[in-house]
Amino acid sequence: MSSVASVHSLWTVAAGAPGKIPAPHIEYAQLSPTLIVLGAAVIGIVIEAFVPRRHRYSSQLLLALVALAAAFAAVIGLAAGGFGSSKAHIAAMGALAVDGPALFLQGTILLVSLVAVFTFAERRLDPAAHGHHVDSFAPQPAAVPGGAAEQAAVKAGFTTTEVFPIALFAVGGMLVFPAANDLLTLFIALEVFSLPLYILCALARRQRLLSQEAAVKYFLLGAFSSAFLLFGVALLYGYAGTVTYAGIAEVISDGAKQIDPALAGAMGNDALLLIGAALVLMGLLFKVGAVPFHMWTPDVYQGAPTPVTGFMAAATKVAAFGALLRLLYVVLPGMRWDWQPVMWGVAIITMLGGAIVAITQTDIKRLLAYSSIAHAGFILAGVIATSEEGISSVLFYLGAYSFVTLGAFAVVTLVRDAGGEATQLSKWAGLGRRSPLVAAVFAVFLLAFAGIPLTSGFAGKFAVFKAAAQSGAGWLVVVGVLSSAIAAFFYIRVIVLMFFNEPKADGPTVAVPSPLTTTAIAIGVAVTLVLGLAPQYFLDLAGQAGVFVR
């Protein structure tokens with residue numbers, strides 16, 4: 001039943017019995033992963049207000065880890081209870097889907113966030129300041145960079161422990177985003193995870209001005225994309241008379257069955273449908289970082305604190321691709337012939353654009369940013385497949401890619417000089433001789449990005465390209481393989497720079513991390529190798545989770 005009819009019935013009931021507004025029916029147990037994370041974020045804000053400063057770091061870290069682990073356990077419980085398959089349904093009065101893709105993506109986001117929190121909590125990389133441990137975040141973000149207030153905060157040993165609850169709010173929004181089953185829930189989830197990310201990007205301890213510039217760029221361009229998405233939602237509502245995914249899909253396939261008198265003049269107008277769908281897709285492609293909506297990516301990745309860059313690069317892509325899949329497969333399958341050619345074009349220019357521009361980069365974080373743009377193009381090849389294999393290949397690729405990305409950015413935090421992180425590529429020359437283990441680990445991640453066999457990157461690329469080829473997108477696969485070859489050049493170039501160049505006398509040092517960052521990097525390497533050497537179990541898992549509830 002479309003939401004128009006349900007809204008009308010609510011009005012009728014409310015009018016017939018004044019003072020008796022029907023209570024919404026919410027399945028709290030099935031929404032528990034999101035509720036746990038958002039509840040912990042609220043508790044984290046309370047901790048900031050009432051717990052003494054010296055105890056906040058340990059309290060916030062413990063709370064964040066427990067909340068993310070508990071939410072992941074809840075996702076496993078729901079999947080074991082059959083909510084990913086036989087019991088999949090629409091919950092929260094039509095607002096959220098509880099199905100295989102939603103649970104798989106939520107589990108991936110929670111695991112990635114759990115590992116990212118380890119990198120957020122790292123306090124051993126910078127030398128201690130005034131006898132206090134120092135992390136990646138500004139001691140007093142509201143202070144003018146380099147001003148007296150900031151210097152006083154450093155001297156007093158302040159730490160910005162608010163990053164933990166802010167990150168939890170972002171995770172809460174990301175959990176809702178791929179599960180949203182109506183356009184308004186989609187928009188609210190987008191804002192819930194975007195606003196905390198804008199704040200996190202501005203909090204770098206070093207290069208404060210670059211960090212704040214990155215946050216402003218991200219905020220302004222993010223506001224544009226949100227406006228496009230919201231305008232698209234309005235047009236789709238005008239076309240279908242409903243914002244629920246099933247309702248819009250029904251009007252697209254069958255025409256309007258129950259026409260709302262207020263919308264009768266506009267409903268069924270194909271111009272509204274085409275423009276509205278295009279605007280909503282633009283909003284989602286911005287979050288994915290696809291060309292031509294990618295301009296924010298290199299600047300934000302470079303300016304944000306590196307732990308935040310890793311978290312954002314991994315988790316945001318998972319959430320955004322999940323939402324994109326649900327929109328195309330649940331709302332717009334009846335428009336496949338309209339959106340497929342456009343997505344072909346976007347995928348091709350994203351793969352080629354990301355790979356070609358990455359060759360010219362001299363900063364390791366900008367290089368990884370353009371690499372992430374190229375990977376968005378590879379994942380879009382799986383999205384375009386419009387088959388169950390396409391969905392499962394995208395789910396697998398997202399899981400594999402996110403851990404490689406997190407591990408790579410965690411390694412970047414270790415290579416340091418007097419000014420903090422040494423992100424200039426020229427400074428990485430000879431790193432393999434100065435610190436063989438760190439260089440070898442980074443080489444593993446670069447080979448996975450390049451899609452070399454026996455790494456998770458190869459298994460992921462093979463899965464999406466196979467799905468695309470089976471669906472008749474052979475030329476797209478040819479472009480993808482060509483882009484992979486171009487991308488492999490600059491990944492191998494970095495490996496050659498590290499192992500076959502002489503280290504400079506004034507080169508950077510490799511900081512010895514605490515067990516937190518060591519664990520994050522070790523998990524990244526383990527996932528990269530396990531998914532590369534024995535991917536079949538995880539491909540089957542993604543295959544079982546590859547059916548959307550409608």
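In the predicted model, Tyr57 and Phe164 are both buried. A search of the whole structure returns 18 aromatic pairs, and one of them is formed by Tyr57 and Phe164, whose rings meet edge-to-face with 6.4 Å from centre to centre and 65° between the planes. This contact links distant parts of the chain, since Tyr57 belongs to helix H3 (residues 53–80) and Phe164 to helix H6, with their positions 107 residues apart in numbering. The ring of Tyr57 also has a charged neighbour, as Arg123 lies over the face of Tyr57 at 3.9 Å from the ring centre. A further arrangement of this kind involves Arg53, the charged end of which sits over the ring of Phe158, 3.8 Å from the centre of that ring.

Helix H6, which contributes Phe164 to the edge-to-face pair, is itself mostly covered, with 13 of its 14 residues buried. For the 14 residues of H6 (residues 163–176), a rise of 1.5 Å a residue predicts a span of 20 Å, and the C-alpha atoms at the two ends are indeed 20 Å apart, so the expected and computed values agree.

A stacked aromatic pair is formed by Tyr218 and Trp296, because their ring planes lie at 10° to each other, under the 30 degrees required for stacking, and their ring centres are 4.8 Å apart. This pair likewise connects distant parts of the chain, Tyr218 being located in helix H8 (residues 208–240) and Trp296 in helix H11 (residues 296–303), 78 residues apart. Tyr218 has a relative accessible area of 0% and is therefore buried, and Trp296, at 4% relative accessibility, also counts as buried. Both residues belong to one aromatic cluster, which is made up of Tyr198, Tyr218, Phe219, Phe286, Trp296, Tyr301 and Phe409.

Attention then turns to the backbone. Most residues other than glycine have a negative phi, and most peptide bonds are trans. Against this background, the bond joining Val291 and Pro292 is a cis peptide bond, with omega of about 10°, and Pro292 is placed in the loop between helix H10 (270–288) and H11. Positive phi values occur at Ala92, where phi is near 55°, and at Leu454, where phi is about 75° although the residue is not a glycine. Ala92 is found in the loop between strand E1 (89–91) and strand E2 (96–98), whereas Leu454 is found in the loop between helix H17 (436–450) and helix H18 (456–470). The surroundings of these two residues can be contrasted: Ala92 has a relative accessible area of 12% and is therefore buried, while Leu454, at 56% relative accessibility, counts as exposed.

Two packed helices are described by the angle between their axes and the distance between the axes. Helix H4 (residues 100–120) and helix H12 (residues 306–331) pack at an angle of about 175°, with their axes 9 Å apart. Because angles over 145 degrees count as roughly antiparallel, H4 and H12 are roughly antiparallel to each other. On the H4 side, the residues in contact are Pro101, Ala102, Leu105, Thr108, Ile109, Val112, Ser113, Ala116, Thr119 and Phe120. These residues meet a set in H12 that consists of Pro307, Val308, Phe311, Ala314, Ala315, Val318, Ala319, Gly322 and Arg326.

Notes
Residues numbered from 1 in each chain as written. Predicted model: local features only at pLDDT ≥ 70, side-chain atom pairs only at ≥ 80, totals over all residues. Heavy atoms only, no water. Helix = DSSP H or I, 4+ residues; strand = E, 2+ residues; numbered from the N terminus. Expected span 1.5 Å × (residues − 1). Buried < 20%, exposed > 50% of the residue type's maximum accessible area, 1.4 Å probe, protein only. Phe/Tyr/Trp six-rings, centres within 6.5 Å; stacked < 30°, edge-to-face > 60°. Lys NZ or Arg CZ within 6 Å of the ring centre and 35° of its normal. Axes fitted to C-alpha atoms, helices over the stretch in contact; angles between N-to-C directions. Parallel < 35°, antiparallel > 145°, perpendicular 65-115°, else oblique. Contact = heavy atoms within 4.5 Å.
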